[in-house]
Amino acid sequence: METSDGVNLAAYRPKQHAPAVTNGTATPGGFDESDYYGSYNHRISIVSQGSDALTGYETLDAPPHYDFYGNTEAWGRRRRFRPSLYQLHANPEDDYKPPMYEETTGEQVDGGDSSEEDEDELKEPPEEPTRFGWVQGVMIRCMLNIWGVILYLRLPWITAQAGIGLTWVIILLSSCITGITGLSTSAIATNGKVKGGGTYFLISRSLGPELGGSIGLIFAFANAVAVAMHTVGFAETVTDLMREHGAVMVDKTNDIRIIGVITVTCLLAISMAGMAWESKAQILFFLVIMVSFASYIVGTIMPASVEKQAKGFFSYKADIFATNFVPGWRGPEGNFFGMFSIFFPSATGILAGANISGDLKNPAVAIPRGTLMAIFWTTVSYIIISATIGSCVVRDASGVLNDTLSLSTPPEDCVGLACGYGWDFTECINNRTCVYGISNYYQSMSLVSAFAPLITAGIFGATLSSALACLVSAPKVFQCLCKDKLYPLIGFFGKGYGKNQEPLRAYLLTYLIAACFILIAELNTIAPIISNFFLCSYSLINFSCFHASITNSPGWRPSFRFYSKWLSLLGAVCCVVIMFLLTWWAALIAFGVVFILLGYTLYKKPAVNWGSSVQASSYNLALNQCVGLNHVEDHVKNYRPQCLVLTGPPSSRPALVDFVNCFTKSLSLMMCGNVVTTSPSPSAVEKASGESHVSWLNQRKVKSFYRGVVAAELRTGVNILLQGAGLGRIKPNVLLMGFKKGWRSDTPQTAHNYIGILHDAFDLQYGVCVLRMREGLDISPPPTSHVNPGFDSGPENINTTDPASSPIQTSTTSSAAIPIEPEPQPSTVFQKKQGKKTIDVYWLSDDGGLTLLLPYLLTRRKRWAQCKVRVFVGGDPDKRDEQKEELLSLIKRFRLGFDDVEVLPDIYQSPQPMNILQFENMVARFRQDANPKRDADSRPSRQQEEPWMITDQDLERCKAKTLRQIRLNEVLQDYSREAALIVITMPVGRRGVCPSTLYLAWLDFLSRDLRPPVLMVRGNQENVLTFYCQ
């Protein structure tokens, strides 16, 4: 194809290379790895490789492929890997290998070669495990679990009580609730690839491990006990048949136990034989039930015999249908909710297919289709049976063949519909002693059936199929829970065996639980709790669908579209209401167990990340709250010190982290900042934003954010943090950093940049705090070089760092990936109780009140609560008492609780000559030579080249402030040697007037040789305290 300009577009298409051959084996994918790497490693120009080189638009860019998004590999095909952004845009001259574009395995990416043994092992494909479609795997399984003894033994009785009309209402209402749950299940199951674990997997991956784990545990237990319930139902039926024929082994209770244990053992053997055998058994049970249904339908059409008429069966009659259509309440349970609570458990069981999600061919298709079809067909069957039984059988009959209507009995004296068909049941109706009829005889379906033993077989099939489904569901759910390791001591049961990874250990555990409850042989008490556990699961599935929808997470994209978040919420509420309608005390027990397990999981905080809707909701909530703060005006009453703490890697300065955490925890923002001084690269970005820093903070239980940046210089990086940290109104307003202890032995540029950071913070209206400890703050390992790239911009030193001499930890970069080990958690003085010491506050200059607010916040913590705060101010000796009263009055208006105020007139005295001499020695290295003529000629250029140099004019101009700092150190030595903490107003040096080294010398001399930690504070000269109510 050619354009109008004659350009051949085919030349720009990606070229198909011949398969590369390595060790005699063709490499799929058609890209020559050795040639490509050679062009980079040996700095060979691509153009020089001839016509076979990369041309046109042919690059490392890969077209979309499944492997880029999948987590698993298919047999016989090597997995592709997407090139990284850095590999695509980096300079080819950089010593960094691009990715292999051809298909490759994980071992090859790591640099290993496939061995001959591996090739031999891959010659034969692995045996494919048994997988089921939507009919056999879900629909039939759910229908069998929904049908149960209530269908055969209680549905006719419910029809007699509520009437055909209300029975349909009960059936449809129950089906609506289970249908809504089915829709929610379908939506969740189609929102991504579903693995094994069924209900637990769906809830836990949607709502997170907290609720998912608790539901998974009780759901697995409920299924295990449900095995015992259905098995006992089967055993009771067998025992009754035996007693009718005079066969008794011991007594009724022990017969139930013996038959139940034998039955559940047989079911265990079927389950452990494999899912294929279990599925065949389920199909057999399904056929038995369908034959029993056919026998029942045929029986309703057949003419009624005399024996059946005596028991109330007259085939289809319009007047029987009309009479039975309205309610006929009897007994204490004779009301709508009573009948609903009895029937609703027969509508459950819709999760039987989802519980074996790991054994389905395509769970995303099978679960929605099979579950909803099962709900539809079981609902139809319930409606048909209630309508037919209500049209054929009267409510009351004696079963006595002699109760025919005699000619001598007046028609008006005969009671009941049977009078119209030649039968007189008046006596038993009036005396309420009728044995037969749908109001009295639970086996009415056997009465109607063409062959009664088939109904008994149907009861056997319904109970055994439900027991078998629960016996399979419980281990499958429990296995997934064990593999997630949310709870201790259960991992042993998660091991899988065979091609299907059958949880044989979990099968045995389920068998033991079921056998124990079968030995009880009386499950009327435990049955309501089990029903409520299932309902609790349904409620959470509905809530999961609603919660995932309401959070508007981009990851919520179910392919099943026929659901509504509001219907799901309605379903969740209805399930909770039904729990209390069924048995209120069982509902409380179910919720109690859920909350206990929930509390345990919240306390343990398992290290899993499934992208749950709770995480999405947390993000939405935080985002909405942050945006909402934009409408809230700042007020001094709500001021909080929101601290940007220049820690470097937080683990390198734990004392600084712990100190700030003392007054920000659960109160205000704390953000640890780290600057990596190097050029941007993947390793540098990873070092700056590594998860290990956040993990260290979380492990130390410090409520802090972490922000790392990559910058060419330290001051530039800090400036980025000062201007870019935070979100909306939740942004730092106080910069807190460590004091630069070894500044005199470092380069002058280092000191200049350090003071430059303070000036930058003041320019941006930050309050500034500098913490100094006698033993230092930095505990990072010793560096390999003494040069700090943050303060020395020489290109030859860009990859070295000196953390000990830097106020902020900087990091080196390396092309090699170094495994990150957990950082230690050293203890610091700020983690201990301070006892009955003092916090000495030197409020020498009014900075807006930050110097007072920080000590107050400290005393609100238990560790500092016993400390007494002493406030020191400078004053006039002649007005000492008056000034003290004024200050006390002001502090009381602030309601800080500080009542120890001391006025120090001696801070204005001259310092000791020896200390003045020491200060002069401190700055001697940075003094400029006194040559007036040379100074006058070179002063502008000299100040630009070396702004840290101190002239005699600078010293004279700043003499008063210098002497003040020297004297203040003497005062601190006298008054605060035994304090727990010293808080003092930090002096401010004018930019362009006070050289950076002179300013740093002030801070150094002011806080030197003091045992307690010293916090130098300077607010931004705006009020942070007020004594007004508005």
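**Aromatic rings, inside and out**

In this predicted model, Trp147, Tyr152, Phe286 and Phe293 are joined into a cluster by ring pairs. That cluster is just part of the picture, as the structure holds 35 aromatic pairs. A pair of aromatic rings is described by the distance of the centres and the angle of the planes. Take Trp147 and Phe293: the ring centres sit 5.0 Å apart and the planes meet at 90°, so this pair counts as edge-to-face. Trp147 comes from the loop between α5 (134–146) and α6 (149–153), while Phe293 belongs to helix α11 (residues 275–301), so the pair ties together parts that are 146 residues apart in sequence. As for exposure, Trp147 and Phe293 are both buried.

Some rings have a lysine for company. Lys280 lies over the face of Trp277, at 5.1 Å from the ring centre. Tyr497 has a lysine over its ring too: the charged end of Lys495 sits there, 5.3 Å from the ring centre.

Aromatic residues also turn up at the surface. Phe580, Trp584, Trp585, Leu588 and Ile589 make a nonpolar surface patch of about 500 Å². Helix α22 (residues 584–604) supplies the largest share of that patch, with 4 residues. Trp585 is found in this helix, α22. With a relative accessibility of 32%, Trp585 falls between the 20% limit for buried and the 50% limit for exposed, so Trp585 counts as partly exposed.

Key
Residues are numbered from 1 along each chain as its sequence is written. This is a predicted model: local features need pLDDT of at least 70, side-chain atom pairs count only at pLDDT 80 or more; totals for chains, interfaces and linings use all residues. Side-chain values use heavy atoms; hydrogens and water are left out. Rings of Phe, Tyr and Trp (its six-membered ring) pair if their centres lie within 6.5 Å; planes under 30 degrees apart count as stacked, over 60 as edge-to-face and the rest as tilted. Helices (H or I, at least four residues) and strands (E, at least two) are DSSP runs, numbered from the N terminus. Buried means under 20% relative accessible area, exposed over 50%, partly exposed in between (1.4 Å probe, protein chains only). A charge sits over a ring if NZ of Lys or CZ of Arg is within 6 Å of the ring centre and within 35 degrees of the ring normal. Patches are made of residues with over 30% relative accessible area and no salt bridge: like charges are joined within 9 Å, nonpolar side chains (Val, Leu, Ile, Met, Phe, Trp, Tyr) within 5 Å. Accessible areas come from the Shrake-Rupley method with a 1.4 Å probe; for residues, only the protein chains shown count as cover. A salt bridge is a side-chain nitrogen of Lys or Arg within 4 Å of a carboxyl oxygen of Asp or Glu.
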